[in-house]
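Let's take a walk through a structure together, one piece at a time. Have a look at it before reading on.

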Amino acid sequence: MVIVAILLVLVIVLAINAMPAISKFGFSFIGSSSWDAVRAAFGALPAIFGTLLSSAIGLLIAIPISLGAAIFLVELAPTWLRGPASFVIEMLAAIPSVIIGLWGLFVLVPIVRNPIESWLGSKLGFLPFFQGPPFGVGFLAAGFILAIMVIPIISAMSRDAMRAVPDQQREAMLALGATRWEMVRQAVLPYCRSGLVGAVILGLGRALGETMAVTMVIGNSYTISSSLFSPNSTIASKIANEFSEASSGVFVGSLIELALILFAITLVVNVIARLLLWRMTSVKGTIE
Amino acid sequence: MSKRMYLRRTWFNRIMLGLCSVAAGLAIMVLALILGYTLTRGISAMNLSFLTNAAKPVGEVGGGMRNEIFGTFILVILGSVLAIPVGLMAGIFLSEFASPKVATAVQFAADILAGIPSIVVGVFVYAIVVQPMHSYSALSAGVALAIIMVPIVARTAEESLRLVPNSMREAALALGITRWRAVVGVVIPGALTGIVTGIMLAVARIAGETAPLLFTALGSQFGVQGLLKPIGALPLQIYHYALSPYRDQQQQAWAGAFLLIMLVLGISILVRWISNRKHN
């Protein structure tokens, strides 16, 4: 009951505290891209854009790796390796995000600047995504960091989903003369599809709200740019950077409204993920 | 023709399975890279003054994170004291007393609460504790950490309580004791290992949390001054020093990261060892 109460109070308190901004800007807050504390003009668009794009890049990198790792853990790895390998990947999830950010700032960002960004810029510079100077910090670095942070989640959840597929599915497919890959592709993955989608969406929810590591590598400028090299902000990084310095009521209200928007986005994403994962377990229950 | 087709299938099979193994290797390699780098940089930056000295002004050598280590210790205890009773009660309620419908709803709420970005929790606690009290404080940071901890404790407690066989509950009730006595005397002892490991995992999680501390604990140059004053914390100081241009502070950030990673991974390995031992 306390848990439900915390959730409700959270929404109400955030909404009340965001009121100065909500009443001043209305819906234009979401569409505006200015952030000017002197003129007290605030808009959320660059932060929303940055949040969605950095998470999308992270997922794009993380999905193939996580699914591959999960297939390896369930279908390929010898029995003695399964436990330790799963454990190692789960350990990755336990590393505090500030440490991943520290590593990202000192190790990953220099690598992203050169060779990755300078190479992409010289070879594929005609594409709008790969234009501009290679800063190192920016969308690309944030995407890599987010991928590192969601890989353990997606691979652990999809491993559980694949494990729940009954062995008869596999045996039937193999008995038809399928190769092991064809068995995975046609008998295992379709069977646990909703579980896999749920795992990915749960990873998305984590990526959207990730704060410290992203704040440390995304560069914190407040613009909208199609280039993946450009420094940017996410909702979470904007709040983390400016909240303790915000002075006026409208400024604080705007940051709290940002928090409310982030909450709403992650709420929708998490509800979808949980429903998919729950459907998965109830399907399993009826078949067994 | 059919032979060529067969060859194509087997090769495709090998390539795809190979790619899956590479993916798993990649995930493990990333962990090894992060761990290896943090541990080597951290060990070389670690020394006694880091553990025993307070932070010193820029330019003076020999500063340390004594106050922040102590601060993290206090915050974790504060968060645990607030969260464990609530989380345990919720877990017991979910597994023992709630009707299936209510249990499903509360479980769902707990999962949603666990998925809220920790920075949003920080903003929320700022609004309900920091603003009314007109001061950043250790207490507010403890509340923020507790909110993050409650759903983890509740769900793990519930899961381990559900593993206790019903026959044990029935045997206890058949002796004529009340339901509450049966839960406390029979069911909880049976699920104790799972409950304790769940609490340990939650502690590992909040020990490394940074985002909710930014505008609740804030950080402090004066050490620990009580629960109603701002307080420093290890992850917070790592963050500030990581962004610092001074080499000495960056070194301290690595030493702090080393300490934090040892703490968190130490707890995770301990949990794993306990639950393995239970299964054997």
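A helix here is a DSSP run of H or I at least four residues long, and helices are numbered from the N terminus. With that in hand, you can find B:Leu218: it sits in the loop between helix H8 (179–207) and helix H9 (234–242) of chain B. Keep in mind that you're looking at a predicted model.

What is unusual about phi of B:Leu218? It is near 70°, a positive value in a residue other than glycine. Most residues other than glycine have a negative phi. Is B:Leu218 buried or exposed? With 21 other C-beta atoms within 10 Å, B:Leu218 is buried; the cut-off for that label is 20 or more.

Chain A has a residue to set beside it. A:Asn220, which isn't glycine, also has a positive phi, near 55°. You'll find A:Asn220 in the loop between helix H11 (212–217) and helix H12 (235–242) of chain A. Around A:Asn220 there are 19 other C-beta atoms within 10 Å, so this residue counts as partly exposed.

While we're on backbone oddities, go to A:Asn114 and A:Pro115. The peptide bond from the former to the latter is cis, with omega near 20°. Most peptide bonds are trans. A:Pro115 belongs to helix H6 (residues 97–124) of chain A.

Now zoom out to chain A as a whole. Its secondary structure consists of 13 helices and 2 strands, and its C-alpha trace spans about 70 × 55 × 30 Å along the principal axes. Of the 288 residues in chain A, 51% are buried. If you take the contacts in chain A between residues at least 6 apart in sequence, 76% of them join residues at least 24 apart.

Where does all that burial lead? The largest nonpolar core holds 182 residues, and the members that touch the most others are A:Ile145, A:Val217 and A:Ala259. Helix H7 (residues 139–163) of chain A supplies the largest share of this core, 18 residues. Chain B takes part too: its domain 1 (2–45) and domain 2 (52–279) both give residues to the core, so the core lies between them.

Let's follow H7(A) for a moment. This helix has 25 residues and reaches 35 Å from its first C-alpha to its last, close to the 36 Å expected at 1.5 Å a residue. There is a kink of about 40° at A:Val150, shortly before the proline A:Pro152. Since 23 of its 25 residues are buried, H7(A) is largely enclosed by the rest of the structure. What does A:Ile145 touch, leaving aside neighbours within four places in sequence? Its contacts are A:Ile100, A:Gly104, A:Leu108, A:Ala213, A:Val214 and A:Val217.

Two other buried spots in chain A are worth a stop. A:Ala44 lies in the loop between strand E2 (41–42) and helix H4 (45–76), and it is buried, with 24 other C-beta atoms within 10 Å. Not counting residues up to four places away in sequence, A:Ala44 touches A:Phe29, A:Ile30, A:Leu258 and A:Ile261. Its C-alpha is 6.8 Å from that of A:Gly31, a residue 13 places apart from it along the chain.

The second spot is A:Ile71, in helix H4 of chain A. A:Ile71 is buried, with 28 other C-beta atoms within 10 Å. Beyond its neighbours within four places in sequence, A:Ile71 is in contact with A:Leu76, A:Val184 and B:Cys20.

That last partner, B:Cys20, takes us across to the other chain. How many residues does each chain bring to the contact? Chain A gives 59 and chain B gives 61. On the side of chain A that touches chain B, 46 residues are nonpolar, 11 polar and 2 charged.

Finally, look inside chain B, which is divided into domain 1 (2–45) and domain 2 (52–279). Their centres, taken over C-alpha atoms, are separated by 34 Å. Where these domains touch, domain 1 contributes 6 residues and domain 2 contributes 7. The domain 1 side has 3 nonpolar, 2 polar and 1 charged residues. Helix H4 (residues 100–115) of chain B makes a neat last check: its 16 residues should span 22 Å at 1.5 Å a residue, and its end C-alpha atoms are 22 Å apart, which agrees. The buried residues of H4(B) are B:Val106, B:Gln107, B:Ala109, B:Ala110, B:Leu113 and B:Gly115.

Technical notes:
Residues numbered from 1 in each chain as written. Chains lettered and ligands numbered in written order. Predicted model: local features only at pLDDT ≥ 70, side-chain atom pairs only at ≥ 80, totals over all residues. Core = buried A, V, L, I, M, F, W, Y, C linked by C-beta atoms within 7 Å. Buried ≥ 20, exposed ≤ 12 C-beta atoms within 10 Å, placed from the backbone. Domains from an automatic or database assignment. Nonpolar A, V, L, I, M, F, W, Y, C, P; charged D, E, K, R; others polar. Expected span 1.5 Å × (residues − 1). Bend = angle between axes of the 7 residues up to and from the residue.
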